[in-house]
Amino acid sequence: MNLRIAGTVRESVVDGPGVRLVIFGQGCPHQCPECHNPETHDPNGGREETIEDLLNILKSTLLIKGITFSGGEPFYQVDAFATLGEKVKAMGKGYDIVTYTGYLFEELLALSEINKDYYRLLEITDLLVDGPYLREDKDLALAFRGSRNQRVINVKASLKVGEAVLVS
Ligand code: SF4
């Protein structure tokens, strides 16, 4: 299976806790004003990578705490990102997964009722940073996110209780 990506960063410290491999998915429907990654919006842009090649980048990068799915919108290629995440978890190395999305957690739960791949991607995500980037709520002091409306959500706890449990 292939994933269309805008790029990767091997050792990021700003896209979640610890040192992380970041995969920027290509394609985003949200059109947030002043988005910092407008080159990721076109679903036909970027390049294709196989999931195996992306896993090989992870295997060849030392001292990595986890992997971050960013964009673009990872849920735009929900089956491919869910499959990649399942394979990362199946490696048994304890990598955690952070997923960025312009959707709200509640919207993703509703979409999961229509398409189970949304639930698959939620299930393998440890931390979800949700909501669109809002320029009026921009705050450069925030960790891992660009605007105050965006939430950092503990997904496992949230799926248990059926509502967003925020990381304090
Ligand atoms: S969701 Fe992210 S990539 Fe998409 S428009 Fe908003 S800020 Fe840009």
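**A seven-stranded sheet and its helices**

In this predicted model, residue L128 has I153 of β7 as its bridge partner. That pair belongs to a longer match-up: strand β6, residues 127–130, is joined to β7 by four bridges, and the two strands run antiparallel. As a bit of background, strands of a sheet pair through backbone hydrogen bonds, either parallel or antiparallel.

Zooming out, β6 and β7 sit in an open sheet of seven strands with mixed pairing, and the order across the sheet is β3-β1-β2-β4-β5-β6-β7. The edges are taken by β3 (47–50) and β7 (151–154); each has a single partner strand, so one side of each is left without a neighbour in the sheet. From one strand to the next, the twist averages 30 degrees. Over at the β3 end, helix α1 (residues 51–59) lies across β1 (2–12), β2 (20–25) and β3, and the angle between α1 and β3 is about 75 degrees.

Now for the helices α3 and α4. Two packed helices are described by the angle between their axes and the distance between the axes. For α3 and α4, the angle is about 130 degrees and the axes are 5 Å apart. An angle of 65 to 115 degrees would count as roughly perpendicular and one over 145 as roughly antiparallel, so α3 and α4 come out as oblique to each other. On the α3 side, the contact is made by F105, L108, L109, L111, S112, E113 and I114, while α4 brings in K116, Y118, Y119 and L122. Sorted by class, this contact has eight nonpolar, one polar and two charged residues.

Helix α4 itself spans residues 116–123, and its buried residues are D117, Y118, R120, L121 and L122. Plenty of elements help to cover these buried residues, including β4 (66–70), α2 (78–90), β5 (96–100), α3, β6 and α5 (155–161). At the start of α4, the backbone nitrogen of D117 has a side-chain oxygen of N115 within 2.9 Å.

One residue of α3 (residues 105–114) deserves its own look: L109. Is L109 buried, partly exposed or exposed? Its relative accessible area is 23%, and buried means under 20%, so L109 counts as partly exposed. Setting aside neighbours within four places in sequence, L109 is in contact with L122, L159 and G162. As for E48, it lies 61 residues from L109 along the chain, and the C-alpha atoms of the two are separated by 28 Å.

Note on methods
Residues numbered from 1 in each chain as written. Predicted model: local features only at pLDDT ≥ 70, side-chain atom pairs only at ≥ 80, totals over all residues. Heavy atoms only, no water. Pairing = 2+ DSSP bridges. Axes fitted to C-alpha atoms, helices over the stretch in contact; angles between N-to-C directions. Contact = heavy atoms within 4.5 Å. Buried < 20%, exposed > 50% of the residue type's maximum accessible area, 1.4 Å probe, protein only. Polar contact = N/O pair within 3.5 Å; in protein donor to acceptor, adjacent residues only side chain to side chain. Parallel < 35°, antiparallel > 145°, perpendicular 65-115°, else oblique. Nonpolar A, V, L, I, M, F, W, Y, C, P; charged D, E, K, R; others polar.
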